[in-house]
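Work through the exercises below with the sequence and the structure at hand. Try each task before reading its solution.

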Amino acid sequence: MIDTGADISICKQHLVSTYEIDHGDPCNISSITNTEIKSYGKINLKLQYEGMNINHPFYLTSNKLSIVTDGIIGRDLLRKFMAKIDFETFTITLTTTQGDITIPMRDYFMKNINIPPRCEIIQAISLDIEEDSVILNEEIMQGVIVANTIVPSHGIAHIKILNTHNHPVTINNFSPKIHPLNKYKILKIQKIINKSSSRKTEILKKLNLHGLDNTAKQSIVEICKKYQDIFHLENEPLSTNNFYTQSIKLNDESPVYIKNYRLPNSQIQEINNQVEKLEKENIIEPSISSYNSPLLIVPKKNSNDQKKWRLVVDFRQLNKRIMNDKFPLTRLEDVLDMLGRASRTASK
C-alpha cells in the first residue's frame with residue numbers, strides 16, 4: 001500500500017524470514033488509532049518489477065499490525081525515488097539509476113477495496129455508462145459510506161468511501177447506485193458572478209480618489225477590481241491563512257508579565273464588546289499563559305462624527321526581549337556606487 005502520510009516504509013515479518021535484520025535501529029510505530037507497536041529492526045528490502053530492481057530499507061513489524069496489506073511504501077521511499085503519481089493514467093513512476101519504473105495501479109479497479117480504520121479513501125473504478133451521471137451517496141455496509149460524486153461517461157470515476165469503524169474493512173464487487181446527471185438542476189455560475197459584482201461595487205464606493213488624476217484613478221480602480229476578494233467589508237468575518245507557524249525567539253525565557261492598566265469605566269464596556277467579538281470570530285482564544293501584556297483602546301481616525309475605538313496591546317516590554325533577526329544586507333556604499341553608474345535609456 002502506498003501511503004503518502006507515512007513517514008517510513010514498513011513490512012510484516014512473515015514476508016522476509018530469509019532477510020538479515022538490523023536490530024540496532026528499532027522504532028515505535030503509531031497507527032491512526034494511536035496504538036503503538038515496536039519494530040523488530042530494519043531490513044534492506046529489494047523490490048523487483050519487470051526486471052528492474054530498487055533497494056530500500058524497510059522497518060520490520062509484527063504480523064499483528066492493524067493494516068490491511070503486508071506492508072506500506074511511505075514518504076521516505078517516494079521521496080528517495082522522486083515518485084510521481086498520475087491520476088489520469090493511474091500509474092506511479094519511480095526514478096532510479098536504471099531508468100524510470102512506471103507501475104500501473106489499475107489492477108485494483110473493481111476488485112477488493114481495502115479501507116483502513118477511520119479513514120476516507122478515493123477509489124478509482126471503471127464505469128460503462130452512456131452519459132454523465134451521479135453516483136448516489138449510500139451506506140453500502142454498516143458504518144461504510146459512499147459520497148455523492150459526479151462521474152463522466154465511458155471513463156474512470158474517482159469516488160470517496162468512508163470507513164467509520166475502528167477496524168479495517170474490505171468491500172467485494174462494489175456496484176454503485178447511479179442516476180443520470182440531466183435529472184438534476186445545475187446551479188448557473190452567473191449567480192456567483194452577480195454576487196461578486198455586487199461586492200466589487202461596494203468596495204469601489206468606499207474608495208477616496210479625491211485629488212488624483214484620471215490615470216491614477218483608473219489604475220487604482222483596476223487593481224481593486226482585480227484583487228477585490230482580499231478587501232474586508234464591514235460585518236464580514238476576518239480571514240486567516242496557515243502558510244506558516246510564527247515563532248518569536250527571546251533573549252530571556254523568563255515570562256514577561258505586566259499588570260493590566262487601570263482603565264476608565266467608560267471604556268470597559270467597549271473593550272469587553274471588542275474582545276467578545278474577536279473571540280466569537282475565532283481570531284483570539286482564552287489563554288492561561290504566564291505572559292501578560294496590558295491592553296487599551298485608542299480613538300480611530302474617522303472622516304465622520306461617529307466615534308470608533310481601536311483595541312491595542314502594549315507589547316513594549318515583550319519587544320525588548322525579542323532577539324533581532326539577522327540578514328546579510330548589501331552595504332549602502334555599494335548600492336550608491338552602482339546607482340551612480342546607472343543610465344536611463346529612453347524608448348518609444
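A residue is called buried when its relative accessible area is under 20%, exposed when that value is over 50%, and partly exposed in between. The model is predicted.

**Exercise 1. Classify Ile-115 and locate its partner in space.**

Task: State whether Ile-115 is buried or exposed, and give its C-alpha distance to Asn-163.

Solution.
- Step 1. Find the element. Ile-115 lies in strand β10, residues 113-115.
- Step 2. Apply the cut-off. The relative accessible area of Ile-115 is 0%, so Ile-115 is buried.
- Step 3. Take the distance. Ile-115 and Asn-163 are 48 residues apart in sequence, yet their C-alpha atoms are 6.5 Å apart.

**Exercise 2. Take stock of the whole protein.**

Task: Say how many helices and strands the protein has, what share of its residues is buried, and what share of its contacts is long in sequence.

Solution.
- Step 1. Count the elements. There are 6 helices and 20 strands.
- Step 2. Turn to burial. Of 348 residues, 24% count as buried.
- Step 3. Turn to contacts. Consider those with a separation of 6 or more: 58% of them link residues 24 or more positions apart.
- Step 4. Add the surface. The protein exposes about 26400 Å², and carbon and sulfur atoms supply 51% of that area.

**Exercise 3. Rebuild the sheet that holds β1.**

Task: Give the strand order of the open sheet of 4 strands, then explain why β4 and β6 count as edges.

Solution.
- Step 1. Write the order. The order is β4-β5-β1-β6, and the pairing is mixed.
- Step 2. Find the edges. β4 and β6 (71-72) each have a single partner strand, so one side of each is left without a neighbour in the sheet.
- Step 3. Join β4 to β5. Strand β4 covers residues 41-49 and runs antiparallel to β5, with 9 bridges between them. Ile-43 stands opposite Phe-58. Leu-47 faces Ile-54 of β5.
- Step 4. Look at the connection. β4 and β5 form a hairpin with 2 residues between them. In that turn, Glu-50 has a positive phi of about 50 degrees.
- Step 5. Join β1 to β5. Strand β1 (residues 10-12) runs parallel to β5 (residues 52-61), and 3 bridges connect the two. Ile-10 stands opposite Tyr-59.

**Exercise 4. Describe β8 and its pairing with β7.**

Task: Determine how many residues of β8 are buried, and name the bridge partner of Ile-85 in that strand.

Solution.
- Step 1. Check the cover. β8 spans residues 91-96, and 5 of its 6 residues are buried.
- Step 2. Check the direction. β7 (residues 84-86) runs antiparallel to β8, joined by 3 bridges.
- Step 3. Name the pair. Ile-85 is bridged to Ile-92 in β8.

**Exercise 5. Inspect the cysteines.**

Task: How many disulfides does the structure hold, and are Cys-119 and Cys-224 buried or exposed?

Solution.
- Step 1. Count. The structure holds 0 disulfides.
- Step 2. Classify Cys-119. At 18% relative accessible area, Cys-119 is buried.
- Step 3. Classify Cys-224. Its value is 7%, so Cys-224 is buried as well.

**Exercise 6. Examine positive phi values.**

Task: State the phi values of Met-82 and Asn-282, and place each residue in its loop.

Solution.
- Step 1. Recall the background. Most residues other than glycine have a negative phi.
- Step 2. Take Met-82. Its phi is positive, about 45 degrees, although Met-82 is not a glycine. Met-82 lies in the loop between α1 (75-80) and β7.
- Step 3. Take Asn-282. Its phi is positive too, near 60 degrees. The loop between α4 and β19 (295-299) contains Asn-282.
- Step 4. Check exposure. Asn-282 has 68% relative accessibility, so Asn-282 counts as exposed.

**Exercise 7. Survey two exposed sites.**

Task: Classify Pro-237 and Leu-332, and list the nonpolar patch that includes Leu-332.

Solution.
- Step 1. Place Pro-237. Pro-237 sits in the loop between α3 (214-226) and α4 (265-280).
- Step 2. Classify it. Pro-237 reaches 60% relative accessibility, so Pro-237 counts as exposed.
- Step 3. Take a distance. Pro-237 and Ile-283 are 46 residues apart along the chain, with 9.3 Å between their C-alpha atoms.
- Step 4. Move to Leu-332. This residue belongs to helix α6, residues 332-340. Its relative accessible area is 58%, so Leu-332 is exposed.
- Step 5. List the patch. Leu-332, Val-335, Leu-336, Met-338 and Leu-339 form a nonpolar surface patch. Together they have about 510 Å² of accessible area.

Methods
Residues are numbered from 1 along each chain as its sequence is written. This is a predicted model: local features need pLDDT of at least 70, side-chain atom pairs count only at pLDDT 80 or more; totals for chains, interfaces and linings use all residues. Side-chain values use heavy atoms; hydrogens and water are left out. Two strands pair if DSSP finds at least two bridges between them. A disulfide is a pair of cysteine sulfur atoms within 2.5 Å. Buried means under 20% relative accessible area, exposed over 50%, partly exposed in between (1.4 Å probe, protein chains only). Contact means heavy atoms within 4.5 Å. Accessible areas come from the Shrake-Rupley method with a 1.4 Å probe; for residues, only the protein chains shown count as cover. Patches are made of residues with over 30% relative accessible area and no salt bridge: like charges are joined within 9 Å, nonpolar side chains (Val, Leu, Ile, Met, Phe, Trp, Tyr) within 5 Å. A salt bridge is a side-chain nitrogen of Lys or Arg within 4 Å of a carboxyl oxygen of Asp or Glu.
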